Amino acid sequence: MGLLSLFGCCKKTPHYPQDRVVAKDGSEIVFTFFAHASFAIEHNGKHIYIDPVGDFAWDRLPKADAVLVTHSHYDHFDRAAVEDVTTKKSAIICDKTTAESLDGDAIVMTPGMQAQLDGGIIIEAVAAYNTS
């Protein structure tokens, strides 16, 4: 073990499990799994994080073009993780309850609504229920 790594210097971005698929246009879409409901989608240089929660290296990952928070339960919404992965330019898309917990702008969606991100990515809200 090097002296610098012993003292936490020069930390590398951790490796997380990934799956890659090819879109109809031949471009690659990369899905990165973190835990529970937390994962990322990367397509054409755009980074979308879904339900970023927990003690992952959010601050060492590429900054988000968008963050989607499915609902406000603690295992889906972690304000600190959202702040670590976003910039002022990042879109945050969530439900009304989550939006009330955030400072700044959020796109509030209900089932059936759509939002279009830069780059032509369309997000559509669908009805889902978490009874736990």
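This note walks through a predicted model, from its confidence to its sheet, cores and two loop residues.

1. **Confidence.** The model is predicted. Mean pLDDT for the chain is 87. Of its residues, 88% reach 70 or more. The weak stretch to flag is residues 1-6, where pLDDT stays under 50. For residues 1-6 the model has three contacts beyond four places in sequence. Read that segment with caution.

2. **Sheet layout.** The sheet is open and has seven strands. Their order is β1-β2-β3-β4-β5-β6-β7, and the pairing is mixed. The edges are β1 (18-22) and β7 (107-108), each of which pairs on one side only.

3. **From β4 to β5.** Strands β4 and β5 (residues 66-68) run parallel and are joined by three bridges. One pair to check is I48, whose bridge partner in β5 is A66.

4. **From β5 to β6.** This pairing is also in the parallel sense, over three bridges. V67 has I92 as its bridge partner in β6. Between the two strands the chain passes through α2, and the β-α-β crossover is right-handed.

5. **From β6 to β7.** Two bridges join β6 to β7, and the strands run parallel. Here C94 stands opposite V108 in β7.

6. **Side chains of β6.** Which way do A91 and I93 point from β6, relative to I92 and C94? A91 and I93 point one way, while I92 and C94 point the other way. All four of these residues are buried.

7. **Main core.** The largest nonpolar core has 18 residues. Those with the most contacts inside it are F34, Y49, W58 and V67. Both α2 (79-85) and β6 (91-94) supply at least two residues each. The largest share, three residues, comes from α2. V67 thus appears twice in this note: among the residues with the most core contacts, and as the bridge partner of I92.

8. **Y49.** Its contacts beyond four places in sequence are worth inspecting. They include the aromatic residues F34, F39 and W58. Y49 also touches A64, A66, V67 and L68. V85 is another of its contacts, as are L61, P62 and K63.

9. **Second core.** A separate core of 12 residues is also present. Among its members are I50, A66, L68 and A115. A66 and L68 are also in contact with Y49.

10. **S90.** This residue lies in the loop between α2 and β6. Is S90 buried or exposed? S90 is buried, because its relative accessible area is 11%, below the 20% cut-off. Its side chain has two polar approaches to the backbone. A polar atom of the S90 side chain lies 2.5 Å from the backbone oxygen of A64. The side chain also reaches the backbone nitrogen of T87 at 2.9 Å. Not counting residues up to four places away in sequence, S90 touches A64 and D65.

11. **N44.** This residue sits in the loop between β3 (38-43) and β4 (46-50). N44 counts as exposed because its relative accessibility is 56%, over the 50% cut-off. Leaving aside neighbours within four places in sequence, N44 is in contact with S27 and E28. E28 is 16 residues away along the chain, yet the C-alpha atoms of N44 and E28 are separated by 7.5 Å.

Note on methods:
Residues numbered from 1 in each chain as written. Predicted model: local features only at pLDDT ≥ 70, side-chain atom pairs only at ≥ 80, totals over all residues. Heavy atoms only, no water. Helix = DSSP H or I, 4+ residues; strand = E, 2+ residues; numbered from the N terminus. Buried < 20%, exposed > 50% of the residue type's maximum accessible area, 1.4 Å probe, protein only. Contact = heavy atoms within 4.5 Å. Core = buried A, V, L, I, M, F, W, Y, C linked by side-chain atoms within 4.5 Å. pLDDT = per-residue confidence, 0-100. Pairing = 2+ DSSP bridges. Polar contact = N/O pair within 3.5 Å; in protein donor to acceptor, adjacent residues only side chain to side chain. Right-handed = clockwise from strand over helix to strand, strands pointing away.
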